[in-house]
Amino acid sequence: MASMDAVGPGGSVRRVPPDSLPQTWADCGGQPTLVYWDIRGLAQSVRLALEYAGKPYVDVRIAAGAPGTPEYKQAWMKEKAEVGKSIPFPNLPYYIDESTAMSQSTAILRHVARTGGFLYPEGAPPARVDFLLEQLADFDGGLTGMCYRSYDNGKDQWVEGSMQPGLAQFEALLGDAPFFGGATVSAADFKAYEEFDKCRIIAPGCLDGYPKLAGFVARVEAIPAIASYLKSDRFAARPLNNPHAQFK
C-alpha cells in the first residue's frame, strides 16, 4: 500500500490509483475508511464529521482522470462490481468501519455522527435534524446540478432564484441559535456549513446579507478540530466537482 499523502490528528489521506480500493474491513488496516473522488462533492460533510469525532480514519480519494478519455472514472468503474460484493448498491462515497460497510452520503454522515454521539445531541430535536439533513441535500442537488450543467449560462439565475431564497430561509430557521440543532453541534451543522461554504465560493460575498449564517459559518470554523483540519494539508478547498463540471 502506498504511503499516505497527508496525515493529521484525525484523518489521513490516500489518493488512488495506484492502490486498489478497499472492499472490506480487512482491507482498511483497522481504521474507518471513506472512499470518494478527489473532490469535495458529496463527501466533504462526512470528512468534517469524522474530523469532529476525533478518531483516526483514512480518506481515500480517487483520481477521475481526464474527461473525454477512455480512462475517465475507470479507477472506480473497474472496481465497482467487486466493491458491490460487500457493499449493497455500491456507489461513491462509500464508508467502511468495524460495524458496517455502506454507501449513500447522508446515511454515512448520520452513521458517523451517531457513533460519535452528535447525530441528535442533547437539546437538538431529532425531527429538526432529520429535516435539515434532507433539506440541505435538496439544496445541494440544485447547487451541484448547476455547477455541472448550467454554470456558464445559468449561474446568475440560480443565485437569484434558488440560492438567495434558500439562504434567507436557512437564516430564518437558524434564528438566534448558535447551531441549527440548538446550543450544540449536530450532524446537520456539518452539512449546512459545507453548503454555505460552497455558496461563498460560487458567489463571493453572498453571506454578507445573512449575518446569522455568516456567524454560524464562523462558529463552525472555530471548532478546534475543524479549525485544525481547515489549516492542514488534508483539506482542499477546490475542486468542488469532477473535471467534466462547468464549475469546479
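## A buried strand residue

Leu34 is found in strand β3, which covers residues 33–37. In this predicted model, Leu34 has a relative accessible area of 0%, and because residues under 20% count as buried, Leu34 belongs to the buried class. Its surroundings can be described residue by residue: leaving aside neighbours within four places in sequence, Leu34 is in contact with Ala43, Val46, Arg47, Leu50, Val58, Asp59, Val60, Pro93, Tyr94, Tyr95 and Ile108.

One of these partners shows how sequence and space can be compared. Leu34 and Ile108 are separated by 74 residues along the sequence, while their C-alpha atoms are 9.2 Å apart in space.

## The chain as a whole

The protein chain holds seven helices and six strands, and, read from the N terminus on, its elements follow the order β-β-β-α-β-α-β-β-α-α-α-α-α. The radius of gyration is 18 Å, close to the 18 Å that the globule rule gives for 248 residues, so the chain is as compact as a globular protein of that length. Along its principal axes, the C-alpha trace spans about 50 × 45 × 30 Å.

Of the 248 residues, 50% count as buried. The chain exposes about 11,000 Å², and carbon and sulfur atoms supply 53% of that area. Among the contacts with a separation of 6 or more, 68% are made by residues that are 24 or more positions apart.

## Helix α1 and its surroundings

How many of the 10 residues of α1 are buried? Eight of them are, so this helix is largely enclosed by the rest of the structure. The buried residues of α1 are Gln44, Ser45, Val46, Arg47, Leu48, Ala49, Leu50 and Glu51, and of these Val46, Arg47 and Leu50 are also in contact with Leu34. Just after α1 comes Gly54, which takes a positive phi of about 80°.

Ser45, found in helix α1 (residues 44–53), is buried with a relative accessible area of 4%. When neighbours within four places in sequence are set aside, Ser45 is in contact with Leu109, Phe190, Lys191 and Glu194.

## Phe190 in helix α5

The contact between Ser45 and Phe190 leads to helix α5, which runs over residues 187–202 and includes Phe190. Is Phe190 buried or exposed? With a relative accessible area of 1%, Phe190 is buried.

Not counting residues up to four places away in sequence, Phe190 touches Ser45, Leu48, Ala49, Tyr52, Phe118, Val185 and Ile226. By contrast, Pro88 is not named among these partners: Phe190 and Pro88 are 102 residues apart in sequence and, from C-alpha to C-alpha, 26 Å apart in space.

## Two helices that pack together

Helix α3, made of residues 105–116, packs with helix α4, made of residues 126–174, at an angle of about 145°, and their axes lie 11 Å apart. The crossing in which α3 passes α4 is right-handed. On the side of α3 the contact is made by Thr106, Leu109 and Arg110, and on the side of α4 by Asp130, Leu133, Glu134 and Ala137. Sorted by kind, the residues of this contact divide into three nonpolar, one polar and three charged. Leu109, one of the α3 residues in this contact, is also in contact with Ser45.

## Backbone details in loops and segments

Two peptide bonds that lead into a proline deserve a careful look. The bond from Leu92 to Pro93 is cis, with omega near 0°, and Pro93 lies in the loop between α2 (74–83) and β5 (94–96). Pro93 is also one of the residues in contact with Leu34. A cis peptide bond joins Arg238 and Pro239 as well, with omega at about 0°, and Pro239 is found in the segment after α7 (224–230).

Positive phi values also occur in residues other than glycine. Lys73, which is not a glycine, has a positive phi of about 65°; Lys73 lies in the loop between β4 (57–62) and α2 and, at 23% relative accessibility, counts as partly exposed. Gln104, likewise a residue other than glycine, has a positive phi near 80°. Gln104 is found in the loop between β6 (101–103) and α3, and with a relative accessible area of 56% Gln104 is exposed.

Definitions and conventions. Residues are numbered from 1 along each chain as its sequence is written. This is a predicted model: local features need pLDDT of at least 70, side-chain atom pairs count only at pLDDT 80 or more; totals for chains, interfaces and linings use all residues. Side-chain values use heavy atoms; hydrogens and water are left out. Axes are lines fitted to C-alpha atoms, for helices over the stretch in contact, and angles run from 0 to 180 degrees between N-to-C directions. Helices (H or I, at least four residues) and strands (E, at least two) are DSSP runs, numbered from the N terminus. A crossing is left-handed if the near helix is turned anticlockwise from the far one by less than a right angle, and right-handed if clockwise. Contact means heavy atoms within 4.5 Å. Ala, Val, Leu, Ile, Met, Phe, Trp, Tyr, Cys and Pro count as nonpolar, Asp, Glu, Lys and Arg as charged, and the others, Gly among them, as polar. The radius of gyration is taken over C-alpha atoms; the globule rule is 2.2 Å times the number of residues to the power 0.38. Buried means under 20% relative accessible area, exposed over 50%, partly exposed in between (1.4 Å probe, protein chains only). Accessible areas come from the Shrake-Rupley method with a 1.4 Å probe; for residues, only the protein chains shown count as cover.
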